Structure formats: C-alpha cells, structure tokens
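I am opening a notebook on a structure that is new to me. Each entry records something I looked up.

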Amino acid sequence: MSAGLVQLERDLNEDPLDLMDEIDRLKKEKDVTILAHFYVDGEIQDVADFTGDSLKLARDATKVTSSTILFAGVHFMAETAKMLSPDKRVLIPDMLAGCSLAESCQPEALKKMQDELRAEGRNISTVAYINTSAAVKSLCDWIVTSGNAREIIDRVPADQEILFVPDQHLGRYLSEVSGRKMILWPGSCMVHEVFSIQDLLRAKRNNPGSLVMAHPECPANVLEHSDFIGGTEAMRKFVMQKTEPMTFLVATEANMIHPLEKCAPQHKYIPVPGIMTSSGETCACNRCPHMARNTLVSVRNCLRDFAPEVLWQPFFDKARAVVAKSLLN
Ligand code: CIZ
C-alpha cells in the first residue's frame, strides 16, 4: 500500500471525539480562534468559536482577539478574513478548498468585460457576490453576500448600470426583487445548480404541509416553488420564528441542516436531493466537495502544523477597501 493510502486509512480510523478533544487543546495552546461556515460538517461547527454565513463570519473575524484565525470554509472566505484582520495569521485546513462560482469569474475576463462595456460608453458599477477571489474583488465597486445583497443594491446610484458577477441566479433574483436591470455574469454554484425540480415536487407531495426554503443561488424554477427564499442566516431566523413543529424542505448545501436543528429543534428538516442517477438513486450533489475538504483530521493537522496559511497579496489593499465599505458599514 502507498504511503498516502496508509495515511488515509490511519486518518479514517481516528476517533471523532478524540479529534475534537485534540482540536480543543491545540486551539488553547496555540491561541487560535476557529471560524466555521454553516456548510462544513456539523462536528467542525461544534468545535468552532464562531459559526455563520460569510457576512457574519467576516464581521466576526474583526472581533477575534487571538493571534491566529483558523477558517473552516473555502478559500475566498479565509482571504476575506485575512483582508479584514491583516495582523492575524489566517490558516485554512486545505488550500484546495475552492468554489465553483469564484472559479467561473477570472480577473482577466472580468477586466476585459468591464473595458468593453466602458468603451461602449456605459456607466457601470460592478457588484460582486462574496464568492469571488480577492483579485476579482479588487476590480469591483461593491461586494454582496446573501445576507446584505438587497441593501447594497439599493446603495448603487440609480444612474449606474449594474454588472453583477459571478452568480447569474442570485443576480436574476436580485434584479427581480430590486427592480434594477443587471448585466449578469454566466456563473453558477455547482451545488445549487443541480437541485432537481422533479425531486422537489415529489418531496412536497410526500410531505403535505411542509414549507420549502431555498437559497437564492438556486435556479429560477426552484425559487418559483419555494415558500421562503433567503441565505443561511435568513433561513435560521425564519425557522426560529415558527414555534409550532413543522417540516421544512431545505434547498441548499445539506450541512445547513445542522445549525437549523440546533436553533429550532422542534421542526423536521429534509434536505432537497439533487438529480436522480439512472439507477434511480439521488446523487450526493447537495454537498459541496470544496467544503468537504474541511474534516476533523484536516482541521487538527492545520492546527498542529500551523499551515497552510493565507498570505497577504498586493491586490488585497484594493480589495480590502471594497470589502470593508460593503460588509462593515
Ligand atoms: O453567504 C454565504 O456565506 C453563502 C455562500 C451562503 C449563505 O447564504 O450563507
């Protein structure tokens, strides 16, 4: 067996409770605060000091008093924490934890589109979803998250045309609710893109009286059949308002069930499955493979080795100014 496979087998055999104890000990010993997104495994959320969506975690990063932040999430989130807390060491359990949305919008391609639109004489304001690299953020005028998007769109002067990147579904939804015309970048999230409308309708039929909650990154046909549309923090607030036990069908990354069960345990939550395979099984595509790179083992190893680390890049200065004006004011 190769050395890699031997190590993998060893990792898989580690007891989760022992790992959680070790993480707790290392965190204290090494003066580290753990921030975890709602889309990582519940066990990691349970060992974190702060959990939340991108907006809350970006704000939490500015309040951390320890010398080091470990960000259990994906790369653009750790970059944002570094930009907002430049004096802290920021660690991420796996450098390869990327994002299909961020990948779909490269800085060179965005710059080209902006130059072309300006050459046509169009007065554009570029609004980027937080799911973008810092290099892309440095080219933008505003950054939105699912939690503050509506508010930021309203701050864009009415005489400016909005170029919204990179999520076409979120952009279309925001354009509808705000009444602002937008030029949409053709990106989409690999997790939210695959929700099958047939599966959703079947789940609704099988659970009479249930309510569908969908993330605005979902395509329009899923949003049309939803009772509530909102980001993860908004979903939490929505279920907490309902005191009578009920059933929710949840159309977002499946790890979101964990914080929902914690904040409103009176309800039943059913993750909406992705497309059916030819054998009739549902795929496991409502799990983000990038978020899944965060495991108890990778978190422990990152604390133990103090690596990998997100380092300051020259374009962070420009990106930081846009992020701070959009998320902290
Ligand atoms: O805003 C975020 O963190 C994302 C990517 C989704 C959500 O709604 O939390």
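**Helix 16**

I started with the surroundings of helix 16. Its buried residues are covered by, among others, helix 4 (54–61), helix 5 (75–84), helix 8 (134–137), strand 6 (142–144) and helix 9 (149–155). I note here that the model is a predicted one.

Next I looked up which residues of helix 16 are buried. They are Phe316, Ala319, Val322, Val323, Ser326 and Leu327. These residues lie on the same side of helix 16, because they cover an arc of only 130° around the axis. The general background is that an α-helix has 3.6 residues a turn, so residues three or four places apart point the same way.

I also checked the length. Helix 16 runs over residues 316–327, twelve residues in all. From first C-alpha to last, helix 16 reaches 15 Å, close to the 16 Å expected at 1.5 Å a residue.

**The four-stranded sheet**

I then turned to an open sheet of four strands, whose order is 10-9-11-12 and whose pairing is parallel. Strand 10 (228–229) and strand 12 (268–271) are at the edges with a single partner strand each, so each has one side without a neighbour in the sheet.

I followed one pair in detail. Strand 9 (residues 211–214) is joined to strand 10 by two bridges in the parallel sense. In this pair, alanine 214 is opposite isoleucine 229 of strand 10.

**The ligand**

Last, I listed what surrounds the ligand: His37, Phe38, Asp53, Ser54, Asn131, Thr145, Ser146, Gly147, His215, Gly231 and Thr232. I sorted this shell by type and found nine polar residues, one nonpolar and one charged.

Methods:
Residues are numbered from 1 along each chain as its sequence is written. This is a predicted model: local features need pLDDT of at least 70, side-chain atom pairs count only at pLDDT 80 or more; totals for chains, interfaces and linings use all residues. A residue is near a molecule or strand if its C-beta atom, placed from the backbone, lies within 6 Å of it. Ala, Val, Leu, Ile, Met, Phe, Trp, Tyr, Cys and Pro count as nonpolar, Asp, Glu, Lys and Arg as charged, and the others, Gly among them, as polar. The expected span of a helix is 1.5 Å times one less than its number of residues. A residue is buried if 20 or more other C-beta atoms lie within 10 Å of its own, exposed if 12 or fewer, and partly exposed in between; C-beta atoms are placed from the backbone. The arc is that of the directions from the helix axis to the C-beta atoms. Two residues are in contact if their C-beta atoms, placed from the backbone, lie within 7 Å. Two strands pair if DSSP finds at least two bridges between them.
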